[in-house]
Amino acid sequence: MLLLWYPKCTTCQKAKKFLDVRGVSCDLRHIKEEHPTAEELRTWWQASGLPLKRFFNTSGIQYRELGLKDKLPGMSEEEQLELLATDGMLVKRPILVGDGFVLTGFRPEEWDKKL
């Protein structure tokens, strides 16, 4: 499994602890230092079955500064994926990528079902 996280994020810390307590090992990837590519995001988005908007960090500073709330509806999916790939801080975190599933954000009950 792969956990994309931002170590300073308290939600990401909770997710990591959640995995550790359950003995789940995974590769860690610092989302700001090694942000996902558009191709990775496309693959994860398609595997997740979620709307693409769920991959955006809608509470982040970048999201607000870029005015994405108003811009996203007019952007193609490809444009959105390319934008997400430019800055890891635009991406919702944590992201847990497992065998046959992708989870965005940390919802303990949802994660328990997949693990």
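These legends go with close-up views of one predicted model. Residues are numbered from 1 along each chain as its sequence is written, and side-chain values use heavy atoms, leaving out hydrogens and water. In this predicted model, local features need pLDDT of at least 70 and side-chain atom pairs count only at pLDDT 80 or more, while totals for chains, interfaces and linings use all residues.

**View 1. The open sheet has four strands.**
The strand order is 2-1-3-4, with mixed pairing. Strand 2 (27-30) and strand 4 (101-104) stand at the edges. Each has a single partner strand, so one side of each is left without a neighbour in the sheet. From one strand to the next, the twist averages 15 degrees. Strands here (E, at least two residues) and helices (H or I, at least four) are DSSP runs, numbered from the N terminus. Two strands pair if DSSP finds at least two bridges between them. Strands of a sheet pair through backbone hydrogen bonds, either parallel or antiparallel.

**View 2. Strand 3 meets strand 4.**
Strand 3 covers residues 95-98. Four bridges join strand 3 to strand 4, and the two run antiparallel. G98 has F101 of strand 4 as its bridge partner.

**View 3. Helix 1 and helix 2 pack on the sheet.**
Helix 1 (residues 10-21) touches strand 1 (2-5), strand 2 and strand 3. The direction of helix 1 makes about 160 degrees with that of strand 1. Helix 2 touches strand 1, strand 2, strand 3 and strand 4. The direction of helix 2 makes about 100 degrees with that of strand 4. Contact means heavy atoms within 4.5 Å. Axes are lines fitted to C-alpha atoms, for helices over the stretch in contact, and angles run from 0 to 180 degrees between N-to-C directions.

**View 4. Helix 2 has buried residues.**
They are A38, L41, R42, W44, W45 and S48. Buried means under 20% relative accessible area (1.4 Å probe, protein chains only). The cover includes strand 1, strand 2, helix 5, strand 3 and strand 4. After helix 2 comes G49, with a positive phi near 75 degrees.

**View 5. N57 sits in a loop.**
The loop runs between helix 2 (38-48) and helix 3 (61-65). N57 is buried, with a relative accessible area of 9%. Not counting residues up to four places away in sequence, N57 touches Y63, M89, L90, V91, K92 and R93.

**View 6. Q80 lies in helix 5.**
Helix 5 covers residues 77-84. Q80 is buried, at 11% relative accessible area. The side chain of Q80 reaches the backbone oxygen of L72 at 3.5 Å.

How values were computed. Buried means under 20% relative accessible area, exposed over 50%, partly exposed in between (1.4 Å probe, protein chains only). A polar contact is a pair of N or O atoms within 3.5 Å; within protein, one must be able to donate a hydrogen and the other to accept it, and residues adjacent in sequence count only if both atoms are side-chain atoms.
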